Each structure stands twice: as C-alpha cells, then as structure tokens.
Amino acid sequence: MTLLVGVVGTIIGWIVGGTPGLIAGILGTVIVLVFFSVGQMVLGAVLKNNPQNAMIVAMALYLVKIGALLVLLLVLQDATFFAPKVFAAVIVACTLAWTFMEVWIFSRTKVLYVEPEVQK
C-alpha cells in the first residue's frame, strides 16, 4: 500500500514538477519504506524476545522515525536538485499509508492479552 501511494505521488510529482519532482517522489518513497521497514524488523525482534516491552519500543521507534523524517525535511527544504514540496508531500502520504495499514492489520490480529489457564 505504501509503495503504491509512493508510486502515485511520484507520478504526480513528475507531472507537476518535472525531473526534480520525479527525484523527490522516488527519494521520499524510498526513505519512508526504509525507515519504517527497519523499524518493523526491530519491533519484530523485540516481540520475539521481550513482548512485554513491545508497546514502549513501538512508540519509541515511531517517535524516532517521525523525528528523523522531520529533520530530513528541514535539512532538505531548500535543496535545488529536487522539489522539496513534492518530497514532503510524498513522505507525508507514504507515512500516513504505512500507519493506516499498521493500524488496520493490528485491529484484525488476535493478540492474547490474558494468558489462558493450563488445564490439568
């Protein structure tokens, strides 16, 4: 879903901004996919080894990712080799798509929050 949103955003950026829009869309999509995929892998490892800390780690990862994306947006806002507005729009759209899909998947996943009694 995130990749699809990124591709659509990149095409729109290319139409609106030409080659700089294309570069910005591709860069924004790749950054979001890499950031959020790495975060998902880290969270998966935490869930296997220490599930009690999963929510804390998930929130920390999310804050770090959003903070890093904000820093990238601020650092690259005056870049001339790509379209910063397209870059920002694609990052926001891809981040929203990723977050929506995470919430949707989590809402449909059955997670035991009470340990069942062992029958003797």
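## Basis of the description

A residue is called buried when its relative accessible area is under 20%, exposed when it is over 50%, and partly exposed in between. At 48% relative accessibility, F81 therefore counts as partly exposed. The structure described here is a predicted model.

## Helix 1 and its kink

Helix 1 covers residues 2-49, which makes 48 residues. A straight helix of that length would reach 70 Å at 1.5 Å a residue, yet the end C-alpha atoms of helix 1 are only 28 Å apart. Within helix 1 there is a kink of about 155 degrees at G17, and the proline P20 follows shortly after G17.

G17 itself is partly exposed, its relative accessible area being 32%. Between the C-alpha atoms of G17 and N53 the distance is 44 Å, with 36 residues separating the two in sequence. T10, also a residue of helix 1, is buried at a relative accessible area of 8%. Apart from neighbours within four places in sequence, T10 has contacts with G21, L22, G25, I26, T29 and V90.

## Aromatic pairs

Four aromatic pairs are found when the whole structure is searched. One of them joins F36 and Y62 in an edge-to-face arrangement, with 6.5 Å from centre to centre and 70 degrees between the planes. Because F36 belongs to helix 1 and Y62 to helix 2 (residues 54-75), this pair ties together parts that are 26 residues apart in sequence. F36 is buried, with a relative accessible area of 0%, whereas Y62 is partly exposed, with a value of 29%.

F81 and F82 form a tilted aromatic pair: their ring centres lie 4.6 Å apart and their planes meet at 40 degrees. In this pair F81 is partly exposed at 48% relative accessibility, while F82 is buried at 2%. Ring pairs also link F36 and Y62 with W98 in a cluster.

## Helix 2: K65 and V71

K65 is a residue of helix 2. Although K65 is buried, it has no salt bridge. The nearest side chain of opposite charge is that of E102, 5.1 Å away; a salt bridge would require a side-chain nitrogen of Lys or Arg within 4 Å of a carboxyl oxygen of Asp or Glu. Not counting residues up to four places away in sequence, K65 touches F35, F36 and G39. F36, one of these contacts, is also the partner of Y62 in the edge-to-face pair.

V71 is likewise found in helix 2, and at 49% relative accessibility V71 counts as partly exposed. The C-alpha atoms of V71 and K85 are separated by 15 Å, and the two residues are 14 residues apart along the chain.

## Helix 3 and its packing

Helix 3 comprises the 25 residues 84-108. The expected span at 1.5 Å a residue is 36 Å, and the end C-alpha atoms of helix 3 are 36 Å apart, so the two values agree.

The buried residues of helix 3 are V86, F87, V90, I91, C94, T95, A97 and W98. These buried residues pack against helix 1 and helix 2. Two of the names recur elsewhere in this report: V90 is among the contacts of T10 in helix 1, and W98 is linked by ring pairs into the cluster with F36 and Y62.

Terms used
Residues numbered from 1 in each chain as written. Predicted model: local features only at pLDDT ≥ 70, side-chain atom pairs only at ≥ 80, totals over all residues. Heavy atoms only, no water. Helix = DSSP H or I, 4+ residues; strand = E, 2+ residues; numbered from the N terminus. Expected span 1.5 Å × (residues − 1). Bend = angle between axes of the 7 residues up to and from the residue. Phe/Tyr/Trp six-rings, centres within 6.5 Å; stacked < 30°, edge-to-face > 60°. Buried < 20%, exposed > 50% of the residue type's maximum accessible area, 1.4 Å probe, protein only. Lys, Arg positive; Asp, Glu negative; His and termini not counted. Contact = heavy atoms within 4.5 Å.
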